[in-house]
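Visitor: I would like a close look at one part of this model. Please pick a single chain and take me through how it is put together.

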Amino acid sequence: MEALLNILSELHPEVDFETCTTLIDDKILDSFDIVTLVAEIDAEYDVAIPAEELVPENFNSAQALYALIEKLLDE
Amino acid sequence: MQFTSFSFLLFAAVLLTVYYIIPGKWQWPLLLIASCFFYISAGTEYLVFIALTTLSTYATTILMDNRLKQRDVYMAAHKAEMSREEKKAYKAKIKSGNKVWMVACLVLNFGILALCKACLIDPVRTAVSGGTLSFLTVGLPLGISFYMFQSMGYVVDVYRETAKTERNPFKLALFVSFFPQLIQGPISKFNQLTPTLYAPHKFDGKAVSFGLQRMLWGYFKKLVVADRIAVAIGSLKGEEYTGIAFLVLTVFYAIQIYGDFTGGIDVTIGLAEAMGIKLPENFIRPYFSKNIAEYWRRWHISLGVWMKDCIFYPISVSEPMRKLSKASRAKFPNFGKRVPVYVASVATWFCTGIWHGFSANFIVWGMLNCFVIVVSEELMPVYAKFHDRFHLKEKKWYGGFEILRMFMLMNLIRACDLFPNVGDYFRRLGSIVTTFNFHILWDGTLMNIGLTALDYAIIFGGCLTWFVMDLLQEKGPIRERLYAKPAALRYSLIFILLVVVLLMGSYGIGYDASNFIYNQF
């Protein structure tokens with residue numbers, strides 16, 4: 001989780017990713033951010049996030065995103 | 001049947017009446033019959049296209065769904081004896097089989113779309129049909145770019161298991177052909193549209209009234225403003241209009257296309273709303289945007305969402321892109337991680353360009369948008385430093401400046417639509433910095449482009465009303481606030497708007513208004 005928070009903070013240092021649960025709904029993360037995040041997560045965790053998982057529910061909070069990474073690592 | 005024709009209004013009135021008289025369970029079949037009637041009224045020769053898309057969509061999604069059901073049954077039965085790797089391999093096998101069916105369906109349908117669009121170009125049409133296949137020589141089948149994208153979006157969603165599969169072919173046919181959105185969208189997602197499309201609806205006076213109000217507002221934008229200004233755009237495209245005249249053209253075109261497209265969408269969404277059906281919003285006052293990325297989140301939203309879900313994301317997270325990203329990061333750490341974004345952006349904007357038409361100017365238009373978006377994105381840290389240094393974000397006037405800058409920039413890019421010859425477009429663009437003919441603003445030139453002083457007064461009054469309404473809408477839904485007012489005031493305002501549309505609308509010979517611009521796409 002620590003590494004994911006670092007990646008997110010690097011993208012948007014002004015956002016408190018530990019508490020924010022509306023990253024997509026409030027348009028904090030846009031599609032460019034999401035694709036950059038996917039590449040960063042791939043480099044950090046060696047996990048490929050498929051296109052069908054690129055939905056708001058998975059990216060609205062750091063917790064949801066971390067849960068997705070764990071799910072994909074588990075598969 | 002044009003949205004602006006009397007026959008359409010009569011058709012909508014009869015449909016609404018019958019819709020609320022019959023039992024709720026017959027409402028969706030009625031809509032299917034109405035959609036077929038609407039489509040046939042445009043020409044029977046195109047029925048084959050929409051029928052083929054409906055059939056191929058139905059067959060593919062049922063096939064994929066059957067395979068997914070078999071997978072679930074098999075895995076439930078063999079849960080205990082299958083290892084994790086075996087389960088993973090089995091799931092992947094089903095998925096890759098489904099992918100073959102999905103790709104086949106996409107290739108077939110987009111192949112048809114590409115053929116139809118290519119046949120709008122003379123040499124291609126002659127080469128393909130030899131001039132003998134009438135259904136390829138008449139023009140683009142009604143709404144093909146819209147119903148095709150909506151159907152293919154559904155096929156992709158079923159493949160991804162994010163949409164429920166519709167097993168009733170008639171219900172699916174209604175999803176593909178729902179007539180209000182056939183002409184110019186919005187391109188709805190299956191999960192968004194179908195819950196209210198298939199559901200029975202009881203008469204709700206408020207919903208019907210809100211829907212009709214929205215239709216009336218759409219007719220105001222289309223008939224009073226967009227159609228009235230259209231004649232000037234035709235004139236200003238002439239070779240002699242350069243420099244400041246070109247800038248005037250870009251502003252007039254911004255007014256026309258916004259009125260034409262959002263007016264049509266208001267009629268679509270309003271009519272659906274009157275029947276209790278919820279369609280997604282396609283515009284959120286895009287001319288109030290402060291940067292290009294925001295603009296494209298607020299303009300033609302449904303096409304943007306489709307392109308993002310079906311082209312931008314799949315390309316940017318594809319296996320080749322993963323490899324490219326890793327390789328480029330090794331050499332250029334900062335730039336490398338952005339490579340998927342750039343490649344996917346170029347592909348997405350290329351597709352958005354050719355969606356509008358197989359013509360060089362639309363591809364250039366797409367690439368110009370892509371270029372500005374990518375450059376803006378890359379320069380964001382520089383902008384942030386600049387804003388901080390001069391505390392610009394705290395100043396109110398700066399927000400207004402950003403909106404005006406965005407409006408002018410988008411106007412310049414959008415004008416590319418108007419010139420099939422790209423060279424013509426760039427010559428006009430260049431003339432802005434070489435021809436300082438400000439005098440055309442007061443020497444009477446603008447009175448010789450087909451608009452009279454009365455036309456200018458109506459257009460100005462129309463735009464001002466529209467601007468105020470957009471400002472009010474930014475603060476909250478206007479119709480809800482109006483609903484809270486006394487009925488006499490509410491109905492007086494609606495009556496005034498109706499009179500304005502009837503008296504000041506631009507009607508041609510036989511009261512047949514101009515075609516909607518997005519009909520041609």
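Guide: What follows goes from the whole of chain B to its two domains, then to one residue, and last to the neighbouring chain. Keep in mind that this is a predicted model.

Start with the fold. Chain B has 23 helices and zero strands. Its C-alpha trace spans about 85 × 70 × 60 Å along the principal axes. Is the radius of gyration in line with a compact globule or out of line with it? A compact globule with 521 residues would come out near 24 Å, and chain B has 25 Å, so the two agree. Of the 521 residues of chain B, 34% count as buried. Now take the contacts in chain B with a separation of 6 or more. Residues 24 or more positions apart account for 77% of them.

Next, the division. Chain B splits into domain 1, residues 27–200, and domain 2, residues 207–510. Taken over C-alpha atoms, the centres of these two domains of chain B are separated by 29 Å. Where they touch, 20 residues of domain 1 of chain B are in contact with 19 residues of domain 2 of chain B. Which elements give two or more residues to the domain 1 side? They are α4 (84–118), α7 (144–159) and α9 (190–197) of chain B. By class, that side of domain 1 has eleven nonpolar residues, eight polar and one charged.

Now zoom in on one residue. B:Trp299 sits in the loop between α12 (292–298) and α13 (301–316) of chain B. Is B:Trp299 buried or exposed? There are 22 other C-beta atoms within 10 Å of B:Trp299. The cut-off for buried is 20 or more. B:Trp299 is therefore buried. What does B:Trp299 contact, leaving aside neighbours within four places in sequence? The partners are B:Phe283 and B:Pro286. B:Arg285 is 14 residues from B:Trp299 in sequence. In space, C-alpha to C-alpha, B:Trp299 and B:Arg285 are 7.7 Å apart.

Last, the partner chain. Here 19 residues of chain B are in contact with 17 residues of chain A. The chain A side that touches chain B has ten nonpolar, two polar and five charged residues. Set that beside the domain 1 side inside chain B, with its one charged residue.

Definitions and conventions:
Residues numbered from 1 in each chain as written. Chains lettered and ligands numbered in written order. Predicted model: local features only at pLDDT ≥ 70, side-chain atom pairs only at ≥ 80, totals over all residues. Contact = placed C-beta atoms within 7 Å. Nonpolar A, V, L, I, M, F, W, Y, C, P; charged D, E, K, R; others polar. Domains from an automatic or database assignment. Helix = DSSP H or I, 4+ residues; strand = E, 2+ residues; numbered from the N terminus. Buried ≥ 20, exposed ≤ 12 C-beta atoms within 10 Å, placed from the backbone. Rg over C-alpha atoms; globule rule 2.2 N^0.38 Å.
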